[in-house]
Each structure stands twice: as C-alpha cells, then as structure tokens.
Amino acid sequence: MSGQPMQEFNPANVPAHVAIIMDGNGRWANARGLPRTMGHRKGVEAVRGAVKTAAELGIRYLTLFAFSSENWNRPENEVSDLMGLLKAFIRRDLADLHRENVRIRVIGDRSNLSGDILPLLIEAEETTIANSGITVIIAFNYGARDELARAMRHLAEHVAAGRLRPDEITPERISATIDTAGVPDPDLIIRTSGEERLSNFLLWQGAYSELLFIPELWPDFTRETFLAAIEQYACRERRFGGLAQPTLAVGS
C-alpha cells in the first residue's frame, strides 16, 4: 500500500458489492520472461491489496474469481501451484483477515474437492463466520452454469418430493437456492487484462451489474486502479430497466 490518504467518495457512490475476474497472471509473467507461477504469486499480492482497499472504501462484499471449474484443464503443474498458493494464502493470511473482522465465504462446487483443500476452505469460513466487516467471497471450483444446474436439481428434488410446486419456482426462489444466497447481487463486475467477457462468472447475479473491463493485468491491479474503477462506477446511471435516477458527483 502506498500510505497515501484514501480518496474521498460519497458513500452513495460506493458499490455495496464488487466482483472481480482476476485475469492476466500468466500474461504478466510471460511479458517479463518469468514462469507463469510467478504471475500467480504476484496476483496473490494484488488480492491482499484489493481486500484492504475494498474494506477502506466501505464495500460490504468483494467476490474474487479465484479458480473456475474449467481451470482443472490447465497443465497439472500449474494447477498444483495454484492449489499451493491457495493453501498458503489461507494459512498465512487467515489470522490477519480474522483480526481485521473480515468474513470469508466460499462459493462453488465442493462435491469433488479432495485432499486438504476443502478442510482449509471450511476452516476459513467457520473461523470468520461471526465477523461483521467486509465479506470476501472466494469463487473456487466455480462456474455459473454449474451453479445454476446444481440449484435446479435441488429445486427439482423438492418438486418431485411434493415439497414445492412448479409455480413456486420464482426468480427470488432461485436466488435463495444458488451459492450466493443471502448476498446482494454485485453492483459492479470488474475484469482485468482487457478481455471483455464474463467467462461463466455470476451469470444469474450479474443481470443488472455494471461491467468494467480494464486493460491492467491482475498483478498490476493496485489501490489506484481500484479507486479509478470505483470512480468510473460512480459516473454510471443505473436504471434496472426503468428511468435514470439522479447521480451524485464523486466527492460531493
């Protein structure tokens, strides 16, 4: 962190929930002639900074796309390194996050997780469950289509058992069944690296999210980058299918 004072934002212009597709670790490393694993390690540093900045801004929820259900198709050594980094992050940072009143929540398919990954994820959630500060949601082994399929199977089982009528399957019921139940939809989804797609991330929840695609690779995502993204968000008019509402100027 730079140690510079936090830029003043009108609280009305700060999103309650920001989600980030952390893209570009490998390209960052390749551009410097480094192994891809070095890009992932640098990306972990960017995660720490993003959590701190989000908490300082008053953002209530920060969702980070850490590992998709498709990432298992990457080379075995890269997957192994990513798993090692996740384990190291939890073991090294959990105590600090807990002390700073951060709550950890994990979304994604847990059914096929083995080894010591799942116990670590559960430990992170259970250790911080009573914390009342920012909630950091880690999307791990996550894919939005898989999430919706799992939710539909769950609802179908209730219908088959006679506990739920088909006409009771409403958007609200679906929102209460998917992985992010109880969490407000993201106001802003940021993707780094210049790619302009959601890549199977929060497809249901992002129906009315503001989307921001920025050129910086994830390891270069600094406090200043985050502040600039929030400033851009503050200038947007959110209609939700209706008429535009007056937007307060940043710093007013």
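How many cavities of 30 Å³ or more does the structure hold? The answer is 1, and this tour of a predicted model starts there.

**Stop 1: the cavity**

Select Phe 89, Ile 90, Leu 94, Leu 97, Ile 104, Ala 124 and Ile 138, and you will have the lining of the largest cavity on screen. The space inside comes to about 40 Å³. Colour your selection by residue class: 7 nonpolar residues, with no polar and no charged ones. Helix α3 is the biggest contributor to this lining, giving 4 residues.

**Stop 2: the nonpolar cores**

Stay with α3 and show the whole helix, residues 76-99. The largest nonpolar core has 49 residues, and α3 supplies the largest share of them, 9 residues. To find the members of this core that touch the most other members, pick Val 18, Ile 20, Leu 62, Phe 140, Ile 190 and Phe 226. In soluble globular proteins, nonpolar side chains tend to be buried together.

Now centre on Phe 226. Setting aside residues up to four places away in sequence, Phe 226 touches Val 18, Ile 20, Ala 50, Thr 53, Ala 54, Ile 59, Leu 62, Ile 190 and Phe 221. A second core, separate from this one, has 12 residues, among them Ala 19, Ile 137, Ala 144 and Phe 201.

**Stop 3: the largest pocket**

Next, centre on Met 22, Asn 25, Phe 65, Ala 66 and Phe 67. Of the 34 residues lining the largest pocket, these are the closest to its centre. The pocket offers about 780 Å³ of space. Which elements each supply at least two residues of its lining? They are α1 (25-31), α2 (36-57), β2 (61-68), α3 and β4. Colour the pocket lining by class as well, and you get 17 nonpolar, 9 polar and 8 charged residues.

**Stop 4: along β4**

Strand β4 covers residues 135-142, and Thr 135 is part of it. Is Thr 135 buried or exposed? Thr 135 counts as buried because its relative accessibility is 10%, under the 20% cut-off. Beyond its neighbours within four places in sequence, Thr 135 is in contact with Arg 60, Tyr 61, Leu 62, Arg 103 and Arg 105. You have already met Leu 62 as one of the residues touched by Phe 226.

Follow β4 along to Asn 141, which is also found in this strand. Check its backbone: phi is positive, about 50 degrees, although Asn 141 is not a glycine. Most residues other than glycine have a negative phi. With a relative accessible area of 3%, Asn 141 is buried.

**Stop 5: Ser 199**

Ser 199 is another non-glycine residue with a positive phi of about 50 degrees. Look for Ser 199 in the loop between β5 (188-191) and β6 (210-213). Its relative accessible area is 33%, so Ser 199 is partly exposed.

**Stop 6: Asp 116**

Finish in the loop between β3 (103-107) and α4 (117-128), where Asp 116 lies. Asp 116 counts as partly exposed because its relative accessibility is 31%. What does Asp 116 contact, leaving aside neighbours within four places in sequence? Lys 87 and Arg 91. Draw a distance between the C-alpha atoms of Asp 116 and Lys 87: they are 8.4 Å apart in space, while 29 residues apart in sequence. Then show side chains for Asp 116 and Arg 91, which make a polar contact with each other at 3.2 Å.

Methods:
Residues are numbered from 1 along each chain as its sequence is written. This is a predicted model: local features need pLDDT of at least 70, side-chain atom pairs count only at pLDDT 80 or more; totals for chains, interfaces and linings use all residues. Side-chain values use heavy atoms; hydrogens and water are left out. Buried means under 20% relative accessible area, exposed over 50%, partly exposed in between (1.4 Å probe, protein chains only). Contact means heavy atoms within 4.5 Å. A polar contact is a pair of N or O atoms within 3.5 Å; within protein, one must be able to donate a hydrogen and the other to accept it, and residues adjacent in sequence count only if both atoms are side-chain atoms. A nonpolar core is a set of buried Ala, Val, Leu, Ile, Met, Phe, Trp, Tyr and Cys residues joined through side-chain atoms within 4.5 Å. On a 1 Å grid over the protein atoms alone, a cavity is a set of points where a 1.4 Å probe fits but cannot get out, and a pocket is an open set with protein on both sides within 12 Å along at least five of seven lines; lining residues have an atom within 4 Å of a point. Grid points are joined across faces, edges and corners, and a volume is the space filled by probe spheres set on the points. Ala, Val, Leu, Ile, Met, Phe, Trp, Tyr, Cys and Pro count as nonpolar, Asp, Glu, Lys and Arg as charged, and the others, Gly among them, as polar.
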